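Me: I am new to this structure and would like to learn how to read it. Could you take me through it feature by feature?

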Amino acid sequence: MKNITTKLKKGDTVQVMKGRFSTKPTVGKILDIRVDKKGKAVVFVEGAVCKKTVRPKNQQDKGGIVDVEKGINISNVQIVCKKCGPTRIGVSQDGDNKVRKCKKCGDVL
Ligand SMILES: [Zn+2]
């Protein structure tokens, strides 16, 4: 698998900034980060679902509308800082470790 250059990781709380989830801002945890067919990083966010119409497959199956979790381009989500809300991630070196920090308030994320 291609290495994804992202500062986000599974379990981060993010806000979906745009996309098809526009009724209200969707805030949720990252469930998964994957690479799509074009090599772009997409994230799957808790609660960020698309309505999908399912056609009946047979007479018993009526079909209907189901929620489908949809991969979101990684540039359309922002990490949520507890103090500032959606923000950008800054990285600073702390000894041997890289620490992710909020670019607004400097809090460790
Ligand atoms: Zn902050």
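Reply: We will go through the metal site, the cysteines and the pockets in turn. Keep in mind that this is a predicted model.

Me: Let me begin with the metal. Which residues coordinate the zinc ion?

Reply: Look for the atoms that hold the metal. Here the zinc ion is coordinated by the SG atoms of Cys 81, Cys 84, Cys 102 and Cys 105. The distances run from 2.2 to 2.3 Å.

Me: How are the donor residues of the zinc ion spaced in sequence?

Reply: The pattern is C-x2-C-x17-C-x2-C. One pair links distant parts of the chain: Cys 84 and Cys 102, 18 residues apart. Cys 84 lies in the loop between β7 (77-81) and β8 (85-87), while Cys 102 belongs to strand β10 (residues 97-102).

Me: What geometry does the site of the zinc ion have, given its four donor atoms?

Reply: Start from the ideal. Four tetrahedral donors would give angles of 109.5 degrees. In this model the angles among the four donor atoms are 105 to 112°, and the site is tetrahedral.

Me: Now the cysteines themselves. How many disulfides does a search of the whole structure find?

Reply: A disulfide is a covalent bond between the sulfur atoms of two cysteines. The search of the whole structure finds zero.

Me: Is Cys 102 buried or exposed?

Reply: Read the relative accessible area. Under 20% counts as buried. Cys 102 has 4%, so Cys 102 is buried. Cys 84 has 27% and is partly exposed. Cys 105 is also partly exposed, with 31%.

Me: Next, empty space. How much space lies in the largest pocket?

Reply: Rolling a probe the size of a water molecule over the atoms shows where empty space is left. The largest pocket holds about 320 Å³. Its lining has 13 residues, and the closest to the centre are Leu 8, Ile 74, Val 77, Arg 88 and Ile 89.

Me: What classes of residue make up the lining of the largest pocket?

Reply: Count by class. There are five nonpolar, five polar and three charged residues. Strand β7 gives the largest share of this lining, three residues.

Me: What volume does the second largest pocket have?

Reply: About 210 Å³. Among the residues that line this second largest pocket are Gly 11, Asp 12, Thr 13, Arg 100 and Asp 107. Cys 81, a zinc donor, is also in the lining of the second largest pocket.

Me: How do the residues of that second lining divide by class?

Reply: Five are nonpolar, two polar and five charged. For the second largest pocket, the largest share of the lining comes from β7, with three residues.

Terms used
Residues numbered from 1 in each chain as written. Predicted model: local features only at pLDDT ≥ 70, side-chain atom pairs only at ≥ 80, totals over all residues. Heavy atoms only, no water. Disulfide = S-S within 2.5 Å. Buried < 20%, exposed > 50% of the residue type's maximum accessible area, 1.4 Å probe, protein only. Donors = N, O, S within 2.8 Å, 3.2 Å for Na, K, Ca; no water. Tetrahedral: all angles 85-135°; square planar, octahedral: opposite > 155°, others 65-115°. Helix = DSSP H or I, 4+ residues; strand = E, 2+ residues; numbered from the N terminus. 1 Å grid on protein atoms, 1.4 Å probe; cavity = no way out; pocket = protein on both sides within 12 Å on 5 of 7 lines; lining within 4 Å. Points joined across faces, edges and corners; volume = space filled by probe spheres on them. Nonpolar A, V, L, I, M, F, W, Y, C, P; charged D, E, K, R; others polar.
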